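Me: I'd like to look at a protein together and work out how its parts fit. Could you show it to me first?

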Amino acid sequence: MEHPCFTPVGTNSSQSRTLSFSLGGFPVWETARMWSAIPLCSVYLLALLGNLTVLSVIKAERSLHAPMYLLLAALAVADLGLSTSTFPTMLRLLWLGAREISFGACLAQMFFIHAFADVESAVILAMAFDCYVAICHPLRYPSILTSSVTAKICVAIVVRSTLVQFPLPVLLTRLCFTKVSELSHPYCLHPDIIKHAGSDTRISSTYGLFVLLSTLVLDLIFVLLSYFLILKTILNTVTWRERLKALNTCISHICAVLVFFIPMICLSMMHQFGKHMSPQAYTFTANLHFLAPPILNPIVYSVKTKTICRRILRMLCQGGGRKSGVAICQ
């Protein structure tokens, strides 16, 4: 059976496989390109600084070597991976005006973006389970979520994301891309790449839909189920003070769920039903989905987690910041 991009001798060479894609998503004006890169670079550095700070604090504080904070560390690693997979090509496009990306580099970037997004989704689900056990079964929490169980959960998350995402670039190599196509985003995503294929995409599209449903969508369903059970338990408590205390335990995680899943749902709906929407809407929603969590998650968890907040303020203020740190982190 011939490869779909096989070109017999004597035929038009323009039908052979394209070696590159053209990145889109930014209206790159020569006069404003460098100025546009400055805030984007600042955002990337903020994401790196925030997540590395959370990781260093969790590593330094022995009191934070608990399942909840180990999952928070896993979330920070996923955010670092997600931001590092997306920002470089965006900065390269704005700084150098370099839109072209090779076929192999595009597939590699696509794999890492989707894999780290799956990891983040699964970590958010694991954190929802942590909240569920802490609120609904507090006496059994130490026996259910031990450090070893948490470590096994993290390993399972990485294995799941790698196994389900690995076939996507392999299937794309079997498709025929006969011209240099302009992508909708300044980075490579599977739905964006596959629509430029010049051969039958049914297998790749079906598997891509299966991956979406079995990872991000399934994770969201279980997160919602966890919060339904949590809310049911909270409403059965006697006093409003106990209810507010229980809700306050989950407020940081609720923010992480909203920041990650709402843009994801909007982006998926736009890819399926928004054929006539403006390219700017696609770009804004995709950037919000991939860039907001790495920036906002460390800020939210640093402010809401008193131990992390106080440790960061002590690092910044040394001896004089302890009292002010206590006040800020209440």
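Reply: Happy to! In this predicted model, helices are DSSP runs of H or I with at least four residues, numbered from the N terminus, and a label such as α2 (67-96) follows that numbering.

Me: How many helices and strands does the protein have?
Reply: Let's read along the sequence, where the pattern is β-α-α-β-α-α-α-α-α-α-α-α-α-α. Each symbol stands for one strand or one helix, and the tally is 12 helices and 2 strands.

Me: What share of the contacts between residues at least 6 apart in sequence joins residues at least 24 apart?
Reply: Here a contact means heavy atoms within 4.5 Å. Counting such pairs in the protein, the share that joins residues at least 24 apart is 78%.

Me: Which helix gives the largest share of the largest nonpolar core?
Reply: That core has 80 residues, and those with the most contacts inside it are Leu 72, Ile 193, Ile 230 and Phe 290. Of this core, 18 residues come from one helix, the largest share, and that helix is α3.

Me: Which residues does Leu 72 touch, leaving out those up to four places away in sequence?
Reply: Leu 72 is a good one to pick, being among the core residues with the most contacts. Leaving out its sequence neighbours, Leu 72 touches Val 54, Ile 58, Met 127, Tyr 301 and Ile 308.

Me: Which element supplies the largest share of the lining of the largest cavity?
Reply: The largest cavity has a volume of about 40 Å³. Its lining includes Leu 72, along with Val 54 and Tyr 301, and both of these residues are also touched by Leu 72. The elements that give two or more residues to this lining are α1 (33-60), α2 and α10. The largest share, 4 residues, comes from α2.

Me: How many residues in the lining of the largest cavity are charged?
Reply: Sort the lining by class: 6 residues are nonpolar and 2 are polar. Asp counts as charged, and Asp 79 is in the lining. The charged count is 1.

Me: What is the volume of the second largest pocket?
Reply: Start with its walls: 20 residues line this pocket, with Met 68, Asn 248, Thr 249, Lys 304 and Thr 305 nearest its centre. At least two lining residues come from each of α2 (67-96), α3 (103-136), α9 (240-273), α10 (279-304) and α11 (306-317). By class, the lining has 10 nonpolar, 7 polar and 3 charged residues. The volume of the second largest pocket is about 440 Å³.

Notes. Residues numbered from 1 in each chain as written. Predicted model: local features only at pLDDT ≥ 70, side-chain atom pairs only at ≥ 80, totals over all residues. Heavy atoms only, no water. 1 Å grid on protein atoms, 1.4 Å probe; cavity = no way out; pocket = protein on both sides within 12 Å on 5 of 7 lines; lining within 4 Å. Points joined across faces, edges and corners; volume = space filled by probe spheres on them. Core = buried A, V, L, I, M, F, W, Y, C linked by side-chain atoms within 4.5 Å. Buried < 20%, exposed > 50% of the residue type's maximum accessible area, 1.4 Å probe, protein only.
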